[in-house]
Amino acid sequence: MKVLKTASSLLLVVVLLLQFTACKNEGKNEREEPDVFTYSTEDESGYDLWLRYPTVSSANYLKKARELISYILMPDTSREVLYSAYSELQRGLSGLLGTDEIPTKEEIDKSGALILGVADDPIVSEIASKNSLSVTDTDGYLIKKVNINGSDATLILGQSDSGVLYGAFKLLEILSTQEDISSLSVSDAPKIKWRVLNQWDNWDGSIERGYSGKSIYDWGTLPKIKDSRLTDFARANASVGINTVVINNVNTSNNYINSRYLSKIAAVADVYRRYGIRLALSVNFDAPSALGNLTTNDPLSKDVIKWWQDKTAEIYAAIPDFAGFLIKADSEGRSGPSKYQRTHAEGANMLADALEPYGGIVMWRAFVYGDVAKKLSDDICNQSYEFFKPQDEQFKDNVIIQSKNGPRDFLPREPVSPLFGGMKQTNMGIEFQITQEYTGQNTDLCYLVSQWKYYLDFDLMLNDSPKDIPTTLSQILQGNIYSETNTLIAGVSNVGSCESWNDGLLSQANWYGFGRLAWNPELTEKEITETWIKMTFNNQEDVVNTISKILYGSWELYESYTSPYAMGMTAAVSNHYDPDLSYRNSNGTICVDRAGIGNNRSSTSKGNKTDATAQYSEELAAILNNIDTCPEELICWFHHVSPKRVMSNGKTLIDNIYEGLVAAPQAVSDMKTAILSLKGEIDDKRFAMIVKDFDEQYNNSTRWSEAMIKFFEQQTKITCTAQGS
Ligand code: GCW
């Protein structure tokens, strides 16, 4: 690859592995050559994300990989997704195998062929039937070593062309991470149907809660595509299995569905389609009156129904694989069915009817509180459940209720929203937030894969579950408990126009990890993290261990200095980043006084209580209600806990909080020291980008720590005596 061929390139770490590794092969003992490892530390901008494809670092592995694949059997490149699979393999393999181009052939005449296609394709069907190979799961794939008339070959068999594309990315991952290829046999398929990226991009180029520059969409220039950025964005998403992108903010302008601009939107959809990605749009509930001059937006009005039907038909004429509408209704000033005394089910079903003939879906957000929910509980965290639960069973099959992971917002830690498991007759999808609105805004490192895994593995203890499997959020989302047909995991994007896509280089891991979990929420944090590090940096043990250790601890570290024990929203309303402890109440914000820390949301304890626990299953509610059994990390969410309460580590609650606050800046410094130890092992440019962020995080954690200590001292009247190390 370029790196090895260019004379000017720096070749860096060359390690001779002096050990001889004996390996048994076909009954003979063979000795491998001593291995030589070569890593590039040529400067990189971060633009290539985890799709860098540098030449395989181990000389022995490189030899085997070159034997495995020496040419590609030319697939039918008139099929655009198959062509993308081919071109990604061409790009990736030439990089990984250190060659200009991988030769292509029309037939198999020697070992080393890479064959790709679906079961109906001519050569593929012959190989598949001879070897009894098949892939039945939607968008699934199989990668297998096969023998064709004496020649060894590698087959990527997809259930669909998208399946082939996913298989192609998997093969490139296997080679990049240098997994064993001696007997290749890998199969996989997505566990979630709709794997969606939600961009909160605005028509004017800004991004709501975006911390990585401007929007990647230039509406002035489109439909002309000026560079490869949209294609590279699609490649990155497809590489982690994302198959739908909502390109605009839920607080949206109506321009996106204005007939004048549809050709621009269609041009974006054309790019995404080549990577198996369907475009979706956020829409306003009052679009009929705003765009169509109708006098009402009542979902039961004939005119309104017709307006949406016509608009939907117009969109499908321009974008035949359009995925559907995402909608924020009756929330934070957006219009909704309540104005017309209609239910959300009536509103959502009207849109669903319009989309149904084309196979489209409605992603209806459950982020509804305040005005319409006012008659409900005073506790804002109870309102979404109280509002939607009575409408369970009323939504059509192509409606998915999209709820944030927790009942409040995207705070550093919340319990899982009780809507999951509560809405048993409705397709429930989750909305995670990849952009770090409340979790450091790309300056403070916060590895959200840890947070998402915490939620996904949380058992909601659904005692009426019809299946004999743990009722974790992950199982519910996969449709394994209540058999939803339209499963969905969405994530609010952290991508912007800055060169490295995510300002805060390590935040790229959140984008990557989101996609992997949306594909398979059962994956472990370790599998995701180590693969990301190896592909983004390199395979050196030291690099993998150091960066993974930093990532793993970062969420709980952020939590310790901003919102320990799920105590609520401590960040300023103005920017959701700075500490603001000047107010307190029990509505999901902070409540700290001499008697306790946290909100009393239990059903059983005395005093002001909000009964939030009653929204969970009986078994889980009993655990949450009892302060002695409530999980400690959530204790201040559900209880007003005495600062002097002795916690499981033998220290009091307030001492634990103070110790966390005092230790935080030092912990940030330690992360920086750990990264500094990698100098020379990764390229200088990206190394400097990472180091810089820790300096800012150090200042931020110090500021937070001081403000929080002052606040706790003032409210609890207990002086902080914790010492830094
Ligand atoms: O948390 C709030 C955010 C808003 C966002 C809203 C929502 C898009 O601060 O910026 O608006 O949630 O999710 O709709």
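# Helix pairs, a ligand site and two odd backbone spots

User: This is a predicted model, so let's start with the helices. How do α3 and α5 pack?

Analyst: Helix α3 (residues 80–96) packs on helix α5 (residues 161–176) at an angle of about 10°, and the axes are 8 Å apart.

User: What makes α3 roughly parallel to α5?

Analyst: Angles under 35 degrees count as roughly parallel. The angle here is about 10°, so α3 is roughly parallel to α5.

User: Which residues of α3 and α5 meet?

Analyst: From α3, they include V81, L82, A85, L89 and L96, and from α5, L165, A168, F169, L172 and L175 are among them. By class, that contact of α3 with α5 has 13 nonpolar, four polar and two charged residues.

User: Why is α13 called roughly perpendicular to α17?

Analyst: Helix α13 (residues 448–456) and helix α17 (residues 541–562) have their axes 7 Å apart, at an angle of about 65°. The class roughly perpendicular runs from 65 to 115 degrees, so that is where α13 and α17 go. On the α13 side the contact is made by S450, Q451 and Y454, and on the α17 side by L551, Y552 and W555. Those residues divide into four nonpolar, two polar and no charged.

User: Now the ligand. How do you know that K328 makes a polar contact with the ligand?

Analyst: The cut-off for a pair of N or O atoms is 3.5 Å. A polar side-chain atom of K328 sits 2.6 Å from a ligand oxygen atom, so the pair counts as a polar contact. E437 passes too, with a side-chain N or O atom 2.6 Å from an oxygen atom of the ligand. For N251, the distance from a polar side-chain atom to a ligand oxygen is 3.2 Å.

User: How much of the ligand does the protein bury?

Analyst: The protein buries 97% of the 340 Å² that the ligand exposes when taken alone.

User: What kinds of residues form the shell around the ligand?

Analyst: Eight are charged, four nonpolar and three polar. Of the 15 residues around the ligand, those that come nearest are E208, K328, K404, D409 and E437.

User: What makes the peptide bond from L222 to P223 worth a look?

Analyst: Most peptide bonds are trans. The bond from L222 to P223 is cis, with omega near 10°. P223 is in the loop between β11 (194–198) and α6 (229–239).

User: And what about phi at Q441?

Analyst: Most residues other than glycine have a negative phi. Q441 is not a glycine, yet its phi is positive, about 50°. Q441 lies in the loop between β17 (427–433) and α13.

Conventions:
Residues are numbered from 1 along each chain as its sequence is written. This is a predicted model: local features need pLDDT of at least 70, side-chain atom pairs count only at pLDDT 80 or more; totals for chains, interfaces and linings use all residues. Side-chain values use heavy atoms; hydrogens and water are left out. A residue is near a molecule or strand if one of its heavy atoms lies within 4 Å of it. A polar contact is a pair of N or O atoms within 3.5 Å; within protein, one must be able to donate a hydrogen and the other to accept it, and residues adjacent in sequence count only if both atoms are side-chain atoms. Accessible areas come from the Shrake-Rupley method with a 1.4 Å probe; for residues, only the protein chains shown count as cover. Ala, Val, Leu, Ile, Met, Phe, Trp, Tyr, Cys and Pro count as nonpolar, Asp, Glu, Lys and Arg as charged, and the others, Gly among them, as polar. Axes are lines fitted to C-alpha atoms, for helices over the stretch in contact, and angles run from 0 to 180 degrees between N-to-C directions. Helices (H or I, at least four residues) and strands (E, at least two) are DSSP runs, numbered from the N terminus. Angles under 35 degrees count as roughly parallel, over 145 as roughly antiparallel, 65 to 115 as roughly perpendicular and the rest as oblique. Contact means heavy atoms within 4.5 Å.
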